[in-house]
Amino acid sequence: MRTRTLLGSILASIGVLVVGWQAGTTVLGTTTVATPSSSTGGATTGGSTTGGSTTSGGSSTSSPAATPTSAASQTATYTGTEVNTRFGSVQVQVTVTDGTISDVTALKLTDHDGKSVQISNRAAPVLREEVLAAQSASVSNVSGATYTTQAYLTSVQSALDQAGL
Amino acid sequence: MRTTFESMGTVVSLEAPAVSHPLVRRVFETAEARFSLFRPDSELSRVAAGELPLTRAGSQLRDTYARAVLWRERTDGAFTPNRPDGVIDLNGIVKAEAVEAAGAALTAAGWHHWSINAGGDILVADAGHDGAPHLIALADPADASATLCAITLAGPRRAVATSGSAQRGDHIWRGGSRTPAAFVQVSVVADDIVTADVLATAIVASGRDTLDAVCDRWDVDVFTVDRDGAMLATPGLRAALAA
């Protein structure tokens with residue numbers, strides 16, 4: 001249970017990061033609103049744990065619908081809106097018991113082209129030999145910094161164009 | 001059928017059925033007539049000179065400007081549509097937009113095998129199920145008569161743009177910075193040519209931090225060459241290197 005809780009909080013952190021990053025940097029238009037789907041106690045107090053990182057509002061307007069998970073303590077389940085990331089869509093459900101996160105479930109994790117397993121897309125040093133080894137006789141175009149019409153005349157692109165390939 | 005023509009101060013190399021060539025030329029001529037700051041009578045020149053308020057400019061000019069401003073925000077200012085003196089300069093985006101529009105026109109006309117290379121910014125047709133992948137060479141910034149490597153464009157990856165100082169010196173505005181740019185050449189491979197072109201320009205303008213931010217935020221592949229000739233590549237770019 002302890003491991004599960006620990007894992008849960010890590011997932012929650014990732015979820016919050018993804019949500020915050022998404023809201024802060026791109027314009028996909030998806031805002032995240034925590035929706036309490038169940039509540040046994042009176043006021044739901046844990047909302048800030050999930051919804052607080054981005055936009056507020058909305059959480060108080062949704063009506064509780066799902067089943068309570070525990071009658072003894074105050075437990076609420078929050079389902080985040082599906083968020084589009086560049087690796088696919090992500091949706092997370094968080095259960096809050098007595099004001100602390102007790103469980104996090106990934107309702108939807110990306111499997112878009114298997115890219116979810118790719119942790120970093122950052123550029124890293126690449127050996128000159130490896131680069132220069134990648135040649136082909138059948139290239140059709142050359143991408144380079146924009147050449148002037150004069151510089152074009154002596155460019156590789158000009159040779160390709162004259163060859164009519 | 002391959003043809004070349006001059007536009008926007010550079011040369012456009014077009015590989016497409018001959019009957020479609022006028023269509024592409026027209027797209028570039030229209031864009032140049034509207035956006036060139038080298039033509040005093042262009043719409044953008046009149047805006048820059050204060051003769052025409054931006055609010056009264058045509059919708060296409062305003063759309064392009066709005067798009068450029070959006071990219072300025074997305075790149076935290078690394079890409080900007082304004083020169084240091086305040087004049088609107090949309091050169092950083094109009095060529096890519098013309099390539100994009102020309103490609104869309106070719107596709108709409110039913111052509112499925114073509115490539116457009118506007119001064120080093122390349123867009124290819126969606127290869128489709130039977131099309132062979134396009135092989136593109138990346139220029140060697142140290143030697144105009146050589147190329148560094150060949151990469152494969154396949155699937156949704158249809159665009160590659162390269163920015164740098166190799167051909168025209170430091171022509172990219174870098175916020176008044178006098179220090180040399182970290183990268184002499186940056187190539188970005190993306191699904192669309194405007195994204196590729198803008199991000200390549202932004203990375204040249206702002207260096208390593210912007211490179212990392214771009215790789216984190218966008219689904220693109222990047223290849224850079226720095227002043228010493230050292231190279232960086234994203235995993236996707238390495239995978240695209242021709243075997």
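Helix 3 (residues 59–74) and helix 4 (residues 91–108) of chain B have axes that come within 10 Å of each other and cross at roughly 115 degrees. The axes here are lines fitted to C-alpha atoms, for helices over the stretch in contact, and angles run from 0 to 180 degrees between N-to-C directions. Helices (H or I, at least four residues) and strands (E, at least two) are DSSP runs, numbered from the N terminus. The crossing of helix 3 and helix 4 of chain B is right-handed; the label is right-handed if the near helix is turned clockwise from the far one by less than a right angle, and left-handed if anticlockwise. On the helix 3 side of chain B, the contact is made by B:Thr64, B:Arg67 and B:Ala68, and on the helix 4 side by B:Ile93, B:Val94 and B:Glu97. (Two residues are in contact if their C-beta atoms, placed from the backbone, lie within 7 Å.) Sorted by class, that makes three nonpolar, one polar and two charged residues. The classes work like this: Ala, Val, Leu, Ile, Met, Phe, Trp, Tyr, Cys and Pro are nonpolar, Asp, Glu, Lys and Arg are charged, and the others, Gly among them, are polar.

A word on the ground rules. This is a predicted model, where local features need pLDDT of at least 70, side-chain atom pairs count only at pLDDT 80 or more, and totals for chains, interfaces and linings use all residues. Residues are numbered from 1 along each chain as its sequence is written, while chains are lettered from A and ligands numbered from 1 in the order in which they are written.

Now to the sheet. Nine strands form an open sheet in the order 6(A)-10(B)-9(B)-8(B)-7(B)-4(B)-3(B)-2(B)-1(B), with antiparallel pairing. Strand 6 of chain A and strand 1 (2–7) of chain B stand at the edges with a single partner strand each, so one side of each has no neighbour in the sheet. From one strand to the next, the twist averages 15 degrees. Two strands count as paired if DSSP finds at least two bridges between them. Here are some pairings, including one that is parallel and links the two chains:

| Strands | Bridges | Direction | Residues standing opposite |
|---|---|---|---|
| 7 (residues 159–164) and 8 of chain B | six | antiparallel | B:Gly164 and B:Gln185 |
| 8 (residues 183–190) and 9 of chain B | six | antiparallel | B:Val186 and B:Thr224 |
| 9 and 10 (residues 231–233) of chain B | three | antiparallel | B:Phe223 and B:Ala233 |
| 7 of chain A and 5 (residues 134–140) of chain B | three | parallel | A:Asn141 and B:Ile136 |

Strand 9 (residues 221–226) of chain B is mostly covered, with five of its six residues buried. Buried means that 20 or more other C-beta atoms lie within 10 Å of a residue's own; 12 or fewer makes it exposed, anything in between partly exposed, and C-beta atoms are placed from the backbone. Strands 9 and 10 of chain B form a hairpin with four residues between them, and B:Gly229 in the turn has a positive phi of about 90 degrees.

Just past strand 10 sits B:Thr234, in the loop before helix 7 (235–240) of chain B. B:Thr234 counts as buried because 24 other C-beta atoms lie within 10 Å. B:Thr234 is 12 residues from B:Val222 in sequence, yet the two are 5.6 Å apart in space, C-alpha to C-alpha. Leaving out residues up to four places away in sequence, B:Thr234 touches A:Asn121, A:Arg122, A:Ala123, B:Cys215, B:Asp221 and B:Val222.

B:Val222 also turns up in the largest nonpolar core, which has 83 residues; B:Val188, B:Ala196, B:Leu199, B:Ile203 and B:Val214 join B:Val222 as those with the most contacts inside it. (A nonpolar core is a set of buried Ala, Val, Leu, Ile, Met, Phe, Trp, Tyr and Cys residues joined through C-beta atoms within 7 Å.) Helix 5 (residues 193–206) of chain B gives the most to this core, 10 residues. Apart from it lies another core of eight residues, including A:Tyr78, A:Val83, A:Val94 and A:Val96.

Chain A has five helices and seven strands, and 29% of its 165 residues are buried. The contact between the chains takes 36 residues from chain A and 54 from chain B. On the chain A side, 14 are nonpolar, 18 polar and four charged.
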